[in-house]
Amino acid sequence: MYVMKCSDNENFVEGQILRFGKIELNPSAGVLNYGQGLFEGTKAHRKEDGGLLLFRPDLNAKRMQIGAERMCMPAPSIQQFVDAVKQTAIANKHWVPPSGKGSLYIRPLLMGSGPVLGLAPAPEYTFLIYASPVGNYFKEGVAPLNLYVEDEFHRASRGGAGGVKTITNYAPVLKALTRAKNRGFSDVLYLDSVNKKNLEEVSSCNIFVVKDNVLSTPAIKGTILSGVTRQSIIEIARDHGYQVEERTLPVDELIDADEVFCTGTAVGVAPVGSITYQSKR
């Protein structure tokens with residue numbers, strides 16, 4: 001794993017690759033007490049000739065910088081981030097599955113590791129990357145997903161931190177996600193917290209709706225994460241002649257959709273087979 005540290009009001013300097021293992025934190029660390037932390041996700045893929053490919057890690061670096069500003073943390077430069085990801089991938093190259101058999105998931109973390117008892121930014125920060133070989137994210141594999149539209153719990157609200165990849169966005173969805181999976185669904189699709197009728201995103205991925213030659217996805221307005229795969233799909237769709245709309249997307253539009261799919265680093269591009277809303281599938 002890769003580790004790099006800095007003090008508050010300073011810049012990160014060169015880190016190092018260490019053997020994977022436990023880390024030590026003060027009980028009053030900012031990340032433990034106040035959730036001052038971010039994470040990213042990217043992948044290394046094995047080419048047929050045995051080499052490795054990374055997928056747009058510079059965009060992950062930029063997103064971490066945006067999140068760090070929101071969470072009052074210093075962040076690695078884009079070059080530092082990308083170099084650290086490369087070093088981690090190379091150090092773990094023997095864990096990258098063969099071409100077409102999976103990938104190496106790479107998880108960068110940025111956290112307030114210094115001790116802080118009162119509510120304030122931590123005095124020290126740690127940037128850490130670890131990796132693990134992975135296959136398909138969903139148990140369905142490449143089979144279509146069955147989503148449940150959640151109208152009781154919300155993932156994010158206006159003015160919050162739903163638009164950045166803070167660690168505090170994920171534990172709150174576990175209750176709704178666990179309940180949905182116990183009912184046989186693949187994942188949860190969340191609605192906006194104000195009107196409770198517009199699509200936002202799935203627990204860990206963005207959503208797209210296709211109708212004729214139009215590809216629609218909820219607009220980024222501070223409550224939805226700007227996904228790297230999402231941005232890539234938008235760019236590719238436009239290159240192939242699709243009209244792409246980033247807009248408010250009422251849940252009722254799902255009824256007449258020709259196709260619905262999810263995108264994300266972990267899930268890739270996953271087709272949706274069914275959506276259940278207010279007991280109607």
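What share of the contacts in the chain with a separation of 6 or more comes from residues 24 or more positions apart? Keep that in mind for the first exercise; the model you are looking at is predicted.

**Exercise 1. Describe the chain as a whole.**

Solution.
- Step 1: Begin with the contacts. Residues 24 or more positions apart account for 67% of those with a separation of 6 or more.
- Step 2: Turn to the secondary structure. The chain has 5 helices and 15 strands.
- Step 3: Compare the radius of gyration with the globule rule. The chain has 19 Å, close to the 19 Å that the rule gives for 281 residues, so it is as compact as a globular protein of that length.
- Step 4: Add the dimensions. The C-alpha trace spans about 50 × 50 × 35 Å along its principal axes.
- Step 5: Look at burial. Of the 281 residues, 47% are buried.

**Exercise 2. Trace the open sheet and find the helices that pack on it.**

Solution.
- Step 1: Follow the strand order. The open sheet has 8 strands, running S10-S9-S8-S15-S14-S11-S12-S13, with mixed pairing.
- Step 2: Find the edges. These are strand S10 (199-202) and strand S13 (243-247), each of which pairs on one side only.
- Step 3: Check the twist, which averages 35 degrees from one strand to the next.
- Step 4: Zoom in on one pair. S8 and strand S9 (residues 187-191) run parallel and are joined by 4 bridges. Here Leu147 stands opposite Asp187 in S9.
- Step 5: Place the helices. Helix H4 (residues 174-182) packs on the sheet and touches S8 and S9, its direction making about 130 degrees with that of S9. Helix H5 (residues 228-239) also packs on the sheet; the strands it touches include S13, and its direction makes about 145 degrees with that of S13.

**Exercise 3. Work out the surroundings of Glu150 and Glu152.**

Solution.
- Step 1: Locate both residues. Glu150 lies in strand S8 (residues 145-150), while Glu152 is in the loop between S8 and H4.
- Step 2: Is Glu150 buried or exposed? Its relative accessibility is 0%, and the limit for buried is under 20%, so Glu150 counts as buried.
- Step 3: List the neighbours. Leaving aside residues up to four places away in sequence, Glu150 touches Ala176, Arg179, Val188, Leu189, Tyr190 and Leu191.
- Step 4: Follow the side chain of Glu150. A polar atom of this side chain lies 2.8 Å from the backbone nitrogen of Glu152, and the side chain also reaches the backbone nitrogen of Phe153 at 3.1 Å.
- Step 5: Now follow the side chain of Glu152. This side chain makes a polar contact with the side chain of Arg179 (3.1 Å).
- Step 6: Finish with a longer distance. Glu152 and Thr229 are 77 residues apart along the chain, and their C-alpha atoms are separated by 28 Å.

**Exercise 4. Decide how many disulfides there are, then examine two cysteines.**

Solution.
- Step 1: Search the whole structure. The search finds 0 disulfides.
- Step 2: Take Cys72. The nearest cysteine sulfur belongs to Cys6 and is 14 Å away, and Cys72 is in no disulfide. With 49% relative accessibility, Cys72 counts as partly exposed.
- Step 3: Why does Cys262 not bond with Cys205? A disulfide needs the two sulfur atoms within 2.5 Å. The sulfur of Cys205 is the closest to that of Cys262, but at 4.2 Å it is too far for a bond.
- Step 4: Check burial. Cys262 has a relative accessible area of 0% and is therefore buried.

Conventions:
Residues are numbered from 1 along each chain as its sequence is written. This is a predicted model: local features need pLDDT of at least 70, side-chain atom pairs count only at pLDDT 80 or more; totals for chains, interfaces and linings use all residues. Side-chain values use heavy atoms; hydrogens and water are left out. Helices (H or I, at least four residues) and strands (E, at least two) are DSSP runs, numbered from the N terminus. Buried means under 20% relative accessible area, exposed over 50%, partly exposed in between (1.4 Å probe, protein chains only). A polar contact is a pair of N or O atoms within 3.5 Å; within protein, one must be able to donate a hydrogen and the other to accept it, and residues adjacent in sequence count only if both atoms are side-chain atoms. Contact means heavy atoms within 4.5 Å. Two strands pair if DSSP finds at least two bridges between them. Axes are lines fitted to C-alpha atoms, for helices over the stretch in contact, and angles run from 0 to 180 degrees between N-to-C directions. The radius of gyration is taken over C-alpha atoms; the globule rule is 2.2 Å times the number of residues to the power 0.38.
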